[in-house]
Amino acid sequence: MINLVVGTIKGGFVFTSDAARREWKLVREIFPGWTVTAVARTPSGRYLAGTGSFVYGATVQSSRDLEHWEQAAQSPAFPEGSDRRLDQIWCFNASGDRIYSGVSEAGLFFSDDDGDHWSPVDGLNEHETRSDWIPGFGGLCAHAVLVDRNNPERLWCGISAVGVFRSDDGGDTWTPKNEGVTPAVPDALHGIGRCVHGLAIDPQNANRIFRQDHMGMYRTLDGADSWEKTETGLPSGFGFPIRRDDRTGTLFVFPQESGEYRMPPGRTFQVYRSRSDGDSWEPAGSGPASYAGVLRGAMAVDSLAPCGVYVGTTSGTVHISPDAGDSWIILPFTLPRVLCVESFVESP
Amino acid sequence: MATVSVRMPSLLTSLLGIPKTVQVSGDSLQQAIEDLCGRWPSLAVHLFDESGAFREHVLCFVNDTNTRDVGASEYFLGDGDVITILQAVSGGC
């Protein structure tokens, strides 16, 4: 069975399907009225959700069954008295038993008790370049955390309008790693001012990271020491999400027409994929006429073979490919604006 | 101490499993809110921002009075007073 969680600006929606992934049933609304901005499952099997409200703030919720939820005893939070405001939980990722969460206003937090209590990663949150971090259109958000599964000391964090940082000492210290990426912020200093939108890593070889940036599609083969553009076949280098099928290495993106328009270049729903680590890209099937964009969290890839690809749009439609992008179905629902999508293959 | 009622917004009662109206104790608004958050610790993060003040769009009324510009420690309560927490109507989607 597959569970698909779609997070929107007005709540979360849980769908289920069998392994064929062609027929889906809406089984539950979760957090009605709240934004659902991130969903993940920890190595212990616990689900975490980032929920929020522009009135009542953002917190982490946890569940064992996607039905009964409990608020973390201590969600990520800046210290009392801080002039920073935590307004959104952007992502979760695990390195061993430690769980990381990226938030906005940009910050990184960790939990060593499966998401109940969170502490700040001061080496990044209080980085010496912090005063030069300038928010972009999407605010100042730490939206991606990557881990090296073969070396828990090595981490990467992507911050919109700032760039990628790497730590080689388990998060104690961080260094901007954006060499080769065109700055998005004029007169950027200290190797920052780069607007990373999405990141995907090869878990077998963490030196290989793929980057959907405001200024184009990039990859690194040396752990982010240097980046190169890889846009052959793409109608636009601009977009937000990037996901990788770790079984085959296939990459998936959703190109959009520039920061000004943020609509599909051909005015159709069109995912692109690369089966060559970004050397070249091709359309992945085809979709209907569409003017909707796809936000950075609103794409997921499952672990089945062939992989399922899940995409939610800013117009509230959800597109699913059960065959690695060859064909697509659309869920018969119009949801609120989709912020995040995550799939979970459940044990029988 | 005075016993007062607190009426809670539905977004919070549904998320946290708190009754829509609860009874708390306090001779001042500050004491009453401390009692409220002591009984439901998960509530505090939703009411207060990092400055320690009510979040920008959270309103706290005592009976018919908006307490935004009144110091909570100096706002005295009597038995039967009603505290209402609600979100400011700020437009949007």
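Let's start with strands β21 and β22 of chain A, residues 251–255 and 272–274: they pair in the antiparallel sense, and three bridges hold the register. If you want one pair to look for on the screen, take A:Val253, whose bridge partner in β22(A) is A:Tyr272. Do keep in mind that this is a predicted model.

Now let's widen the view. Those two strands belong to an open sheet of four in chain A, ordered β20-β21-β22-β23, with antiparallel pairing. Which strands stand at the edges? They are β20, residues 239–244, and β23, residues 282–283; each has a single partner strand, so one side of each is left without a neighbour in the sheet.

Moving along chain A, we come to another open sheet of four strands. Here the order is β24-β25-β26-β27, and the pairing is antiparallel. The edge strands are β24, at 299–301, and β27, at 329–330, each pairing on one side only. Look inside this sheet and you find β25, residues 309–312, running antiparallel to β26, residues 318–321, with four bridges joining them. A handy landmark here is A:Tyr310, which has A:Ile320 as its bridge partner in β26(A).

Let me take you back towards the start of chain A, to strand β10, residues 107–111. Is this strand mostly covered or mostly open? Mostly covered: four of its five residues are buried. Strand β10(A) also pairs with two other strands, so let's go through them in turn.

One partner is β9, residues 98–104 of chain A, which pairs with β10(A) in the antiparallel sense over five bridges. Together β9(A) and β10(A) make a hairpin, with two residues between them. Within that hairpin, A:Tyr100 has A:Phe110 of β10(A) as its bridge partner.

The other partner is β11, residues 119–120 of chain A, again antiparallel to β10(A), this time over two bridges. There, A:Phe109 stands opposite A:Pro120 of β11(A). And a general reminder while we have strands in front of us: in a regular strand, side chains alternate between the two faces of the sheet.

Last stop, friends: the place where the chains meet. How many residues does each chain bring to the contact? Chain A gives 18 and chain B gives 15. On the side of chain A that touches chain B, the residues divide into seven nonpolar, eight polar and three charged.

That's my tour; happy to rotate the model and go back to any of these strands.

Definitions and conventions
Residues numbered from 1 in each chain as written. Chains lettered and ligands numbered in written order. Predicted model: local features only at pLDDT ≥ 70, side-chain atom pairs only at ≥ 80, totals over all residues. Pairing = 2+ DSSP bridges. Contact = placed C-beta atoms within 7 Å. Nonpolar A, V, L, I, M, F, W, Y, C, P; charged D, E, K, R; others polar. Buried ≥ 20, exposed ≤ 12 C-beta atoms within 10 Å, placed from the backbone.
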